[in-house]
Amino acid sequence: MYGLGIVKGMGVVLRHFIQSYVDDLKWAGKGGRYYNDEAFQVRQGPYGEGVKTVFYPEEKLSTPERFRFVPFLVTDDPPPGQRWGHDWCTSCGICAKVCPPQCIWIERGKQPNGRPKPEPEKFFIDIDLCMNCGYCAEFCPFDAIKMDHDYELASYDRSSAHIHDKERLSKPLSYWREIAPKKAEAEDLARQMAEAAKAKKKDKDGEAREERLAEAVSRQLYYQGLQY
Amino acid sequence: MSDTTLDQTAEIPETGVVQTPAQEATAKLKELHPNIVSDDTREGYEGLIVYADSIAEVARTLRDDLGFNYLSSVTGVDYIEEGKLEVVYHLYNISRGGGPVVLKAQVDRDAPVLPSLVPVFPGADYQEREAYDMYGFHFQGHPDLRRILTWDGFNGHPLRKDWKEAFYEEDYKPFGSRWPDGSVFRAEERNPYGKNVKYPPGWVPTGDEYDVETDVYLGLSYSRDATPGLKTDKVTVNLGPQHPSTHGVFRMVVTIDGETIVDLKPVMGYLHRNHEQIGERNTFNMNMPYTDRLDYLSSMSNNLGYAITVEKLFDLSVPERAEWIRILMVELTRICNHLWALGFLLNDLGALQTPMLYYYLERELILDFFEASAGSRMMCNFMRFGGVAYDLPDEVRGTPTMKFLEELIYNRLPRVLEQGDVLMTGNEIVKARAIGVGILSPEDAIAMSAAGPLLRASGVPYDVRRAEPYSYYEYLDFDVAVRYNGDIYDRYLIRIDEMRQSLRILEQVLPHLKRTTGAPVFGEKPQYALRAPRAGEAYGRVENPKGELGYYVTAKRRGGNPERYHVRAPSFINLTTLGPMSRGHKIADVVAILGSIDIVLGEVDR
């Protein structure tokens, strides 16, 4: 019959239409389908049925641990009364060297005698250029730069707000633990083991050997860390 | 090391038992044209150097006598130290598969003139125009040698090694100004807008559009129709660049007679950012996230193509689990891309939004999986040289990963394909609009270097995954989807077929993923500054959802940056077929024909 294809197709549309209400009914006694965390989880998951709309900004999709947006610098948890702790960054410059759009600028700190100090004096990221590739975090040997989960960076003026300086970039370790708990834990463990290996070998061997061993341990843990 | 490589290549023809089609053809070509053709003896290079003036003749022999009838890639390379420009051609044998015959024609840098291959392979059209645009080759006999990606008032040829961009800093990244004394600046502050443009000598930027556009319109036929009693003119109309049907900023200059298309020319480059030039400034690693931005709907596949190419160049091996993860990602990408393509094709056919959004429901889940595993939904940046960036995640949207994948692969994706069939495949309007429209014959498809679903819908069962298997595809059981009518409807159906085959592959991949849980996904700890272990070239290609995606990369020994980085973009080359397919159809059909080619402007314009 001519037109049967269209009618069948309309059937699919009708099914979708009804389905959206069926799912509403399912959640009717359990706090409703919208603005309800539990329902939202199911709706967005692999078993979700019906309308999938996210009512942003009231509802926000959770970001997975690996989610990457403009990077931030990790510092120690700040002592009471201060905003930041000690920088983890040693200004080794690897992040600036791997950065594909070259959006990282680092001024290395200097000791009074003019020799370099393993601390950044200034640190800039031009977030207009940043392509959120995550290389800086991936290759940082000190876990000092991490990809943020805060994607709400819209602003009215790009000329003043889009170059992030060290103050704007620094966030305490506790923040990183909060947004990526498993990854942070794996990294913690890796650091501890590397330290332990280093301390153990210190008496017997030369420095090169120590570093190699610490490297080997951290590589092993790197693979474990890959799971998170 | 050089000696051993040379010895190996010398030995293979002598044994004579396991000659690939490409080796056979190369040997025969040397017999047939002994004075014109000679081996490329540079270290790490392969293929044949052809006397530039005879390139068309050699190509004709390859096509007619040796079965190498598919010209995949044409590109230029600038060897500034030798004072030479080189055109590199990769030709494939469609019926026998296997590797390429690589031809190279070298010309003087100051007078780069050589014959065009368009009379032999119409598919060379846009690629030669691109090579002209980027390097300034003059292809004699090319019917329409104009700039294609940059505009007519562009100064110089940007891929020549002595060309500098407006925001030029250094030849190679990383730039010295970033560390250890980096003080932030914006490139546009140093070189403000208005002062950052140079025009070619003699060019007056009057803003008079007609001057710029004359060339575009010249090739189109404008004749006055002399039907007695009825005065009709042929009209030239611009569809685009801002037009919802063009899937981006893409323009079709159309000459119409009434509503019928007489001639059509695509105009592109509105999104051009010179991906290849950026790529040659970048280190090898840095290019990976840039490949995401080519065909931004299938970034995983782009990553894979680039990773494979560089692995060839670096002689890296990939651990087993990483290969399975790669296939998982790439096939999911294929489904993702085809769902998008079908949604938009149906959109163009008038089924506005409904089928598209139904497809997107499932696409969303795939993207969720990508986000959980790679950190980003679309710009995945997931593959690394010698593995993948991460192992599979623990959970996706609160569900354990394997359970999530099983639900997706066994349940949701088959269901959405089924539903799509009921919703649209039998729809009489779709059939009326699509069947018999935009027909591309198999001969034309091959001649015009069409690739991917476009080629296979025309009855040519050519799939890189089978023809020249990469990764673990040779161990996987799947069919190359093929349809024979070559119209829009077949191109619609073939994408559904391909998704079904992808699901078949995915079902085979899942047990391997379970088996290899916990195995390493990377050979060694990733290096941040990779250096090429040898000088040489590598051409790698993968079957992208849109067609054959190829990368041509050359490097110097111990070089940290690719000297030449070329992308054979399937969307771009597939557009060659748009004009011939559209002729004789109505304007409304052109929109659907373009939709059925499935282009992404990020890749077309690069």
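These legends walk through several close-up views of a predicted model.

**View 1. A first look at chain A.**
Start with the parts list: chain A holds nine helices and six strands. Its 228 residues are 25% buried. If you look at chain A contacts with a separation of 6 or more, 64% of them link residues 24 or more positions apart.

**View 2. A three-stranded open sheet in chain A.**
The strand order here is 2-3-5, and the pairing is antiparallel. Strand 2 (104-110) and strand 5 (163-164) sit at the edges, each pairing on one side only. Zoom in on strand 3 (residues 116-126) and strand 5 of chain A, and you'll find two bridges joining them in the antiparallel sense. Which residue of strand 5 is the bridge partner of A:Asp126? That would be A:Ile163. As general background, strands of a sheet pair through backbone hydrogen bonds, either parallel or antiparallel.

**View 3. Where chain A meets chain B.**
Here 48 residues of chain A are in contact with 51 residues of chain B. On the chain A side, the elements giving two or more residues each are helix 1 (4-26), helix 2 (37-44), helix 3 (94-98), strand 2, strand 3 and helix 9 (207-225). Helix 1 of chain A makes the largest contribution to that side, with seven residues. Sorted by class, the chain A side has 26 nonpolar, 13 polar and nine charged residues.

**View 4. The two assigned domains of chain B.**
The domain assignment splits out domain 1 (2-140) and domain 2 (275-605) of chain B. Their C-alpha centres are 27 Å apart. How many residues of domain 1 are in contact with domain 2 of chain B? There are 23, and they meet 25 residues of domain 2. On the domain 1 side, strand 3 (70-79), strand 4 (84-92) and helix 4 (124-135) of chain B each supply at least two residues. Strand 3 of chain B gives the largest share of that side, six residues. By class, the domain 1 side is made of 10 nonpolar, 11 polar and two charged residues.

**View 5. The largest nonpolar core.**
This core has 166 residues, and the ones with the most contacts inside it are B:Ile55, B:Leu91, B:Leu103, B:Leu117, B:Ile593 and B:Val604. Helix 10 (residues 320-348) of chain B brings the largest share, 16 residues. Both domain 1 (2-140) and domain 2 (275-605) of chain B feed this core, with at least three residues from each. A separate core of 30 residues lies apart from it, with A:Leu73, A:Cys136, A:Ala184 and B:Trp179 among its members. In soluble globular proteins, nonpolar side chains tend to be buried together.

**View 6. Around B:Ile55.**
Leaving out residues up to four places away in sequence, B:Ile55 touches B:Val50, B:Leu103, B:Ala105, B:Leu114, B:Pro115 and B:Leu117. Two of these names, B:Leu103 and B:Leu117, also appear with B:Ile55 in the list of residues with the most contacts inside the largest core.

**View 7. Helix 20 of chain B, mostly covered.**
Nine of the 11 residues in helix 20 (residues 587-597) are buried. They are B:Asp589, B:Val590, B:Val591, B:Ala592, B:Ile593, B:Leu594, B:Gly595, B:Ser596 and B:Ile597. Just after the helix comes B:Asp598, which has a positive phi near 65°.

**View 8. A hairpin in chain B.**
Strand 13 (residues 251-257) and strand 14 (residues 260-267) of chain B run antiparallel and pair over seven bridges. One of the pairs puts B:Val254 opposite its bridge partner B:Leu264 in strand 14. Two residues lie between the strands of this hairpin, and B:Gly258 takes a positive phi near 70°.

**View 9. B:Ser471 in its loop.**
You'll find B:Ser471 in the loop between helix 16 (464-467) and helix 17 (488-515) of chain B. Is B:Ser471 buried or partly exposed? It counts as partly exposed, because it has 19 C-beta neighbours inside 10 Å, while a buried residue needs 20 or more. Not counting residues up to four places away in sequence, B:Ser471 touches B:Glu323, B:Arg326 and B:Ile327. B:Ile327 is 144 residues away along the chain, yet the C-alpha atoms of B:Ser471 and B:Ile327 are separated by 7.6 Å.

Key. Residues are numbered from 1 along each chain as its sequence is written. Chains are lettered from A and ligands numbered from 1 in the order in which they are written. This is a predicted model: local features need pLDDT of at least 70, side-chain atom pairs count only at pLDDT 80 or more; totals for chains, interfaces and linings use all residues. Two strands pair if DSSP finds at least two bridges between them. Helices (H or I, at least four residues) and strands (E, at least two) are DSSP runs, numbered from the N terminus. A residue is buried if 20 or more other C-beta atoms lie within 10 Å of its own, exposed if 12 or fewer, and partly exposed in between; C-beta atoms are placed from the backbone. Two residues are in contact if their C-beta atoms, placed from the backbone, lie within 7 Å. A nonpolar core is a set of buried Ala, Val, Leu, Ile, Met, Phe, Trp, Tyr and Cys residues joined through C-beta atoms within 7 Å. Domain bounds come from an automatic or database domain assignment. Ala, Val, Leu, Ile, Met, Phe, Trp, Tyr, Cys and Pro count as nonpolar, Asp, Glu, Lys and Arg as charged, and the others, Gly among them, as polar.
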